[in-house]
Amino acid sequence: MHKIIFAHIFAFFIFMGMWYYQPSVTGLMEMLLVGMVALETGFIAFYTQNVAFRLLAVLVWLFFYPRTFKGIMTAADTSWGGEGIWTSGAMSAFMVYMACLLFTLIAGTLSLQLILKSFKLNIYTQLSVILLVAILASFTLYLGRTSDLGWQAFIQSPANYFEQLVANFSVSNMPFMIGLSAIQVMLAVLLGDD
């Protein structure tokens, strides 16, 4: 239960840091909110006894979890300018960015662990699910960066949607897919329980 309290306290301080220092990183507030929603759905799934609430939390979580790792992509788009970062203003903004990025990654990882614990799976099943979720999340992020496939495309033409999905998968950037999946698995395994 202490994780719920501390997660909100950390998110509040990161929010205050963003408000005060205003780091020039696009999507930082979205990153924080996505991390919190993923974490909240993990807490709901873990602490509720109601199966309908648990399943609803997992469905919402499936939408937000991949986006918690989208923050890693901001590192490629953000420049802090070498020696200029060591000024007090730039360092404060950079630390707020780093805190938000790490909070989001930890929130995503913790939410995955809470979801898995809520279903009381054995360790081998958990590892298999972690790997599957990591691959699917990586592919989802890859699609988000390289195509315009979304729910609207699926609703308009499911057959065309799956055709484009398969085409995108066949030309997907394997170093990106393997690397991001490995990062997710590493975080889930190393930050998990013994």
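A contact here means heavy atoms within 4.5 Å. With that settled, here are some notes on this predicted model, offered for your own look at the structure.

1. **Contacts along the chain.** Among contacts in the protein chain between residues at least 6 apart in sequence, those that join residues at least 24 apart make up 76%. Two residues of helix α5, F103 and S111, give a concrete view of such partners, and they come up again below.

2. **Overall fold.** The protein chain holds 9 helices and 0 strands, and its pattern along the sequence reads α-α-α-α-α-α-α-α-α. The radius of gyration is 18 Å, close to the 16 Å that the globule rule gives for 194 residues, so the chain is as compact as a globular protein of that length. If you prefer dimensions, the C-alpha trace spans about 50 × 40 × 30 Å along its principal axes.

3. **Surface and charge.** Of the 194 residues in the protein chain, 40% are buried. The chain exposes about 11,600 Å², and 71% of that comes from carbon and sulfur atoms. As for charge, there are 7 positive and 8 negative ones, and their mean positions lie 10 Å apart.

4. **Helix α5.** This helix runs over residues 88–118. It has 31 residues and reaches 44 Å from its first C-alpha to its last, close to the 45 Å expected at 1.5 Å a residue. The next three points each take a residue from this helix.

5. **F103.** Is F103, in helix α5, buried or exposed? Its relative accessible area is 10%, and the cut-off for buried is under 20%, so F103 counts as buried. Leaving aside neighbours within four places in sequence, F103 is in contact with A7, F10, A11, I14, L32 and M36. Of these, A7, F10, A11 and I14 belong to α1 (2–21), while L32 and M36 belong to α2 (28–47). For the pair F103 and A7, which are 96 residues apart along the chain, the C-alpha atoms are separated by 8.5 Å.

6. **S111.** Further along α5 sits S111, which is buried with a relative accessible area of 0%. Which residues does S111 touch, not counting those up to four places away in sequence? They are A38, L39, G42, W61 and Y65. The partners A38, L39 and G42 fall within α2 (28–47).

7. **A99.** Helix α5 also contains A99, but this residue is partly exposed, with a relative accessible area of 31%. A99 makes a useful contrast in distance: A99 and A159 are 60 residues apart in sequence, yet 42 Å lie between their C-alpha atoms.

8. **Two loop residues to inspect.** Most residues other than glycine have a negative phi. Q22 is not a glycine, although its phi is positive at about 45°. This residue lies in the loop between α1 (2–21) and α2 (28–47), and at 59% relative accessibility Q22 counts as exposed. K120 is likewise not a glycine and has a positive phi of about 50°. Where is K120 placed? It lies in the loop between α5 and α6 (123–146), just after α5. At 69% relative accessibility, K120 counts as exposed.

Conventions
Residues numbered from 1 in each chain as written. Predicted model: local features only at pLDDT ≥ 70, side-chain atom pairs only at ≥ 80, totals over all residues. Heavy atoms only, no water. Helix = DSSP H or I, 4+ residues; strand = E, 2+ residues; numbered from the N terminus. Rg over C-alpha atoms; globule rule 2.2 N^0.38 Å. Buried < 20%, exposed > 50% of the residue type's maximum accessible area, 1.4 Å probe, protein only. Areas by Shrake-Rupley, 256 points an atom, 1.4 Å probe, with all protein chains shown as cover. Lys, Arg positive; Asp, Glu negative; His and termini not counted. Charge placed at Lys NZ, Arg CZ, Asp CG, Glu CD. Expected span 1.5 Å × (residues − 1).
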